[in-house]
Amino acid sequence: MLGIFFLVAGAAIFHDIECRLSVSHGHFMLNGQRVFLSGGNLPWIHYGHDFGDGQWWGVKSQMDNQMKMLHDAGGNSMRLWIHIQAETTPIFDNNGYVLKMDNKGSFIDEFKDMLNTAKSHDILVFPTLWNGAVNQDYSHRMDGLIVDARKLQTYLDKVLTPLVTAVKGHPALGAWDIMNEPEGMIKPDVHNSDKCFDTTKLHNSGAGWAGKKYTYQDMLRFINLQADAIKRVDPQALVTMGVWNPKSNTDHFNYVDHYTDASLTKAGGSQLGTLDFYQFHSYSWHGNWDEVAPFKHTAGQYGTSKPIVVGEFWTKDGGGMTDSQLFDYVYNHGYSGAWSWDLVGHGGSQRAGMTHIRHKTNHGHISIDI
């Protein structure tokens, strides 16, 4: 494995493309071999209070234990949440413009320590910046970043760009996950001559459950400009986001893929601001999978050349399948990863699912060394 390792003022700086997760020909690659991402969503210890102003140090031992248990079960990756809806980070002024990461200036050190902790357990981390699945943005902080590009630019300048710069090349950083389930706040039934922004296909789909607040022009610009900021600093970084259901992320099954490169660049104007892989969430309803659920299809049936990770699922709404069956299905049907929901609440049985597939290699290696 070729690479260069620098130590500058006590901080590790990694420059090695091979030892970082990458995408090649529709698959994840690491250390020269195809890998399958097996793991789960942490996703938080204290909702909205895990990073910034020293909060990490209060949850580190629990995070460390979760990472150890995941690794011991045979998992290799973890999705965890960062700002959520700006409950404690970043810091805004009274007009909704971002001033800084946190008040004490410890955010970057906390984030680095989280990545170093993950590396010690050979875990790839996928930090999820924002959440659209609930509506508790009572101060309209995240709201301002979504609807006002000027406010979003202050977040890019004061937080995202310096954060990406500080951790650029860290081998435990799997990818940046811009947002969890933006469809929670998307307006369905919006007619638009451009299919990227038309949401009539989402009529009675469940989209908008957390508040019908945003058009796809707003949301796709929000995603595009953050992805652009990341890739300007770190061209090898991977970027994704998680949809609540494949209905908004495929052009098949009589739906529209709103997250294509063309749709994102049209909304935000940046050719760099695209997704490197897709992430579908999937839950059954009254014991049944809907017509587009990943657990009824192969990855190839969604018509994309990008890798697909099934980024949320659990046995409670698992169509009658066990954790082992869920992980096994994802592994054997063309997908590139499986992350159960959630490790803190349901980790025991879900780690058993990871153990069930830990030694498989025919669709990607799971055991990794970072």
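A pocket, as the word is used here, is an open set of grid points with protein on both sides within 12 Å along at least five of seven lines. In this predicted model, the largest pocket has a volume of about 520 Å³. It is lined by 22 residues, and those closest to its centre are Glu-181, Trp-244, Tyr-283, Ser-284 and Asp-317. Sorted by class, the pocket lining comes out as nine nonpolar, eight polar and five charged residues.

There is enclosed space too. Rolling a probe the size of a water molecule over the atoms shows where empty space is left. One cavity of 30 Å³ or more turns up in the structure, and the largest cavity holds about 50 Å³ of space. Its walls come from several stretches of the sequence: Arg-20 and Leu-21, then Leu-173, Gly-174, Ala-175 and Trp-176, and finally Gln-236, Ala-237 and Leu-238. Six residues of that cavity lining are nonpolar, two are polar and one is charged.

Next come the strands towards the start of the chain. Strand S3 (residues 22-24) and S4 run antiparallel and are joined by three bridges. Within this pairing, Ser-24 has His-27 of S4 as its bridge partner. The two strands make a hairpin with two residues between them, and His-25 takes a positive phi near 55° there. S4 then pairs with strand S5 (residues 33-35), again in the antiparallel sense and over three bridges. Here Met-29 is matched with Arg-34 of S5. This second hairpin also has two residues between its strands, and Asn-31 in the turn shows a positive phi of about 55°.

What do the side chains of S4 do? In a regular strand the side chains alternate between the two faces of the sheet. Strand S4 (residues 27-30) follows suit: Phe-28 and Leu-30 point to one face and are buried, while His-27 and Met-29 point to the other and are not. Strand S13 (residues 278-281) tells another story, with Tyr-278 and Phe-280 pointing one way, Gln-279 and His-281 the other way, and all of them buried. S13 is joined to strand S12 (residues 239-243) by two bridges, and the pair runs parallel. One of the contacts in this pair is that of Gly-242, whose bridge partner in S13 is Gln-279.

Two helices are worth a look. Helix H4 (residues 149-167) has 19 residues and reaches 25 Å from its first C-alpha to its last, close to the 27 Å expected at 1.5 Å a residue. H4 is not straight, though, as it bends by about 45° at Leu-156. Leu-156 itself is among the buried residues of H4, along with Lys-151, Leu-152, Thr-154, Tyr-155, Val-159, Leu-160, Leu-163, Val-164 and Val-167.

For helix H5 (residues 216-233), 18 residues at 1.5 Å a residue should span 26 Å, and the end C-alpha atoms are indeed 26 Å apart, so the expected and computed spans agree. H5 is mostly covered, with 16 of its 18 residues buried. Lys-231 sits in this helix. Is Lys-231 buried or exposed? Its relative accessibility is 9%, so Lys-231 counts as buried, given that the cut-off for buried is under 20%. Lys-231 and Thr-200 lie 31 residues apart in sequence and 32 Å apart in space, C-alpha to C-alpha.

Finally, a few spots in the backbone stand out. A cis peptide bond joins Leu-42 and Pro-43, with omega of about -25°. Pro-43 belongs to the loop between strand S6 (37-41) and helix H1 (55-72). Another cis bond runs from Thr-89 to Pro-90, where omega is near -5°. That proline, Pro-90, is in the loop between strand S7 (77-84) and strand S8 (91-92).

Positive phi values also appear in Ile-84 and Asn-254. Ile-84 is not a glycine, yet its phi is positive, at about 65°. Ile-84 is part of strand S7, and it counts as buried because its relative accessibility is 1%. Asn-254, also a residue other than glycine, has a positive phi near 65°. Asn-254 is found in the loop between S12 and helix H6 (261-268). With a relative accessible area of 58%, Asn-254 is exposed.

Technical notes:
Residues are numbered from 1 along each chain as its sequence is written. This is a predicted model: local features need pLDDT of at least 70, side-chain atom pairs count only at pLDDT 80 or more; totals for chains, interfaces and linings use all residues. Side-chain values use heavy atoms; hydrogens and water are left out. Helices (H or I, at least four residues) and strands (E, at least two) are DSSP runs, numbered from the N terminus. The expected span of a helix is 1.5 Å times one less than its number of residues. Buried means under 20% relative accessible area, exposed over 50%, partly exposed in between (1.4 Å probe, protein chains only). Two strands pair if DSSP finds at least two bridges between them. On a 1 Å grid over the protein atoms alone, a cavity is a set of points where a 1.4 Å probe fits but cannot get out, and a pocket is an open set with protein on both sides within 12 Å along at least five of seven lines; lining residues have an atom within 4 Å of a point. Grid points are joined across faces, edges and corners, and a volume is the space filled by probe spheres set on the points. Ala, Val, Leu, Ile, Met, Phe, Trp, Tyr, Cys and Pro count as nonpolar, Asp, Glu, Lys and Arg as charged, and the others, Gly among them, as polar. The bend at a residue is the angle between axes fitted to the seven residues ending there and the seven starting there.
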